[in-house]
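Please examine the sequence and the structure shown here, with attention to strand pairing and to the buried side of a helix.

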Amino acid sequence: FFSSRRRHTKFRNVTGVQTCALPISDYLDSAELVSPLTVPQVVPGDPDDDHVIAAAVAAGADLVVSGDAALLALGRHDGIRIVTAAEALSLVGVGS
């Protein structure tokens, strides 16, 4: 899933800014392991995506960043926005 120093051309194509993934060890310092107590059915037609939403709710996330069509169609759940990578980068001021 993560690769050490792999270039992400998808972000560059969207923002004009070339980004580079950090090694997974760089993410672990800010990662939080959550175990949702329940996984309600909230994403029509895609039960695997329900786990993404359940984890985001359990973590108290502000955003879910995804390219998944079913998640993006949901748009928001329990006050958590579901956005594309381009929208997320814009929200944090990258590439603007």
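The report below takes up the basis of the model, then the strands, then one helix and two of its acidic residues.

## Basis of the model

This is a predicted model, in which local features need pLDDT of at least 70 and side-chain atom pairs count only at pLDDT 80 or more, whereas totals for chains, interfaces and linings use all residues. Residues are numbered from 1 along each chain as its sequence is written, and side-chain values use heavy atoms, with hydrogens and water left out.

## Strand pairing around β5

Helices (H or I, at least four residues) and strands (E, at least two) are DSSP runs, numbered from the N terminus; two strands pair if DSSP finds at least two bridges between them. Strand β5 (residues 80–83) pairs with strand β3 (residues 63–65) in the parallel sense over 3 bridges, and L63 stands opposite R81 of β5.

Strand β4 (residues 76–77) pairs with β5 in the antiparallel sense over 2 bridges, and here R81 is the bridge partner of R76. The hairpin of β4 and β5 has 2 residues between the strands, and in this hairpin D78 takes a positive phi near 50°.

## Helix α3 and its buried side

Helix α3 (residues 47–59) has 13 residues, which at 1.5 Å a residue (the expected span being 1.5 Å times one less than the number of residues) should span 18 Å, and its end C-alpha atoms are 19 Å apart, which agrees. Just after α3, G60 takes a positive phi of about 70°.

The buried residues of α3 (buried meaning under 20% relative accessible area, with a 1.4 Å probe and protein chains only) are D49, D50, I53, A54 and A56. They cover an arc of only 160° around the axis (taken from the directions from the helix axis to the C-beta atoms), which puts them on the same side of α3. The cover over these buried residues includes β3, α4 (69–74), β4 and β5.

## Two buried aspartates

D49, in helix α3, counts as buried because its relative accessibility is 7%. Leaving aside neighbours within four places in sequence, D49 is in contact (heavy atoms within 4.5 Å) with V43, D68, A70 and L71. Of these partners, D68 is 19 residues from D49 in sequence, with 8.7 Å between their C-alpha atoms.

D50, also found in helix α3, is buried yet has no salt bridge (a side-chain nitrogen of Lys or Arg within 4 Å of a carboxyl oxygen of Asp or Glu), and the nearest side chain of opposite charge, R76, is 17 Å away. For charge, Lys and Arg count as positive and Asp and Glu as negative, while His and the chain ends are not counted. Beyond neighbours within four places in sequence, D50 is in contact with V39, P40, Q41, V42 and V43.

Methods. Buried means under 20% relative accessible area, exposed over 50%, partly exposed in between (1.4 Å probe, protein chains only).
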